[in-house]
Amino acid sequence: MTGESPDDTLGRSAANDDFPPREPRLRLEFYSDDLAKPFREAFDEPVTITVNSIVQLNDGTHLQYWTVTHTSPDRLCTTVVNFPTTLDARLLSTVGDTHRIEVLGDTSSLFSTFDAFDGITRSAVYDEDGLRVVAEFPSSVKTDLIVDAVHDIYPDLDLVSSHTIQTVPVFQHIIEMISAVILIHTPRTPT
């Protein structure tokens, strides 16, 4: 899966994006208990999966790099491949019960859908409590369109939070205004 040349990747992931953003971003948080069921059914003990980065490929597919805490990485890869939008999964490394897995996702996956809206996945975590995904989009994107696209793939993945991430110039302006108010209201002592 990782034989791609640098020209094959678009390099879109949270790891290589500037923060804070240059333009205001819309941060959406999604949650589903149902999407964690395949892991609960396949394993007797809890599994924690953190999607560390996503790299979009030019053909519309993408690579996901996961850190997984569990005793059986082979069973994990088999379970992951059973998801309808997963094309392949392979174990990259193991240290104790912590594993790095590379997952090849197809063009109709959640992460590809986010990319279609110029979104960036900030975090995705599967654990015994369910699945939580946080993604950011340009502030001009309509939340309803994103939610509808997400529900087309995973109807049980619900939007639980939405807010705007401001840019550095906005924060600088706020700080300048607060400083001016403090300066105006600070009593001056004669010298």
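Helices here are DSSP runs of H or I with at least four residues, strands are runs of E with at least two, and both are numbered from the N terminus. With that in place, and keeping in mind that what we have is a predicted model, the order of elements along the protein chain reads β-α-β-β-α-β-β-α-β-β-α-β-α. That gives five helices and eight strands.

Before going into details, a few overall figures. The protein chain has 191 residues, of which 39% count as buried, and its accessible surface comes to about 10,500 Å², with 54% of that belonging to carbon and sulfur atoms. If we take the contacts with a separation of 6 or more, 69% of them are between residues 24 or more positions apart.

Let me start with one pair of strands. Strand β4, residues 86-95, and strand β5, residues 98-105, pair in the antiparallel sense over eight bridges, and L91 stands opposite I101 in β5. The two strands form a hairpin with two residues between them, and in that turn G96 has a positive phi of about 65 degrees.

Within β5 I would like to draw your attention to H99, which is buried, at a relative accessible area of 2%. What do the polar atoms of its side chain meet? The side chain of H99 is joined to that of T94 by a polar contact of 3.0 Å, and a polar atom of the H99 side chain also lies 3.4 Å from the backbone oxygen of D97. Leaving aside neighbours within four places in sequence, the residues in contact with H99 include W66, T67, V68, H70, T71 and P73, as well as L91, S93 and T94.

The same hairpin carries a salt bridge, between the side chains of E102 and R90, at 3.0 Å from N to O. Because E102 lies in β5 and R90 in β4, this pair ties together parts that are twelve residues apart in sequence. The two partners can be told apart by their exposure: E102 counts as buried at 0% relative accessibility, whereas R90, at 32%, counts as partly exposed.

In total the structure holds four salt bridges. Another of them brings together the side chains of R27 and E136, at 2.4 Å from N to O; since R27 lies in strand β1 and E136 in strand β7, that pair ties together parts that are 109 residues apart in sequence. E136 is itself buried, with a relative accessible area of 0%. A salt bridge also joins the side chains of K37 and D34, at 3.0 Å from N to O, and here both partners are partly exposed, K37 at 35% relative accessible area and D34 at 32%.

Finally, helix α4, residues 143-153. Which of its residues are buried? They are I146, V147, A149 and V150, and because they cover an arc of only 160 degrees around the axis, they sit on the same side of α4. As a reminder, an α-helix has 3.6 residues a turn, so residues three or four places apart point the same way. On the other side of α4, D144, L145 and D152 are exposed, so the leucine is found there together with two aspartates. The cover over the buried residues includes strands β1, β7 and β8 together with helix α3, and β1 and β7 are the strands that hold R27 and E136.

Notes. Residues are numbered from 1 along each chain as its sequence is written. This is a predicted model: local features need pLDDT of at least 70, side-chain atom pairs count only at pLDDT 80 or more; totals for chains, interfaces and linings use all residues. Side-chain values use heavy atoms; hydrogens and water are left out. Buried means under 20% relative accessible area, exposed over 50%, partly exposed in between (1.4 Å probe, protein chains only). Contact means heavy atoms within 4.5 Å. Accessible areas come from the Shrake-Rupley method with a 1.4 Å probe; for residues, only the protein chains shown count as cover. Two strands pair if DSSP finds at least two bridges between them. A polar contact is a pair of N or O atoms within 3.5 Å; within protein, one must be able to donate a hydrogen and the other to accept it, and residues adjacent in sequence count only if both atoms are side-chain atoms. The arc is that of the directions from the helix axis to the C-beta atoms.
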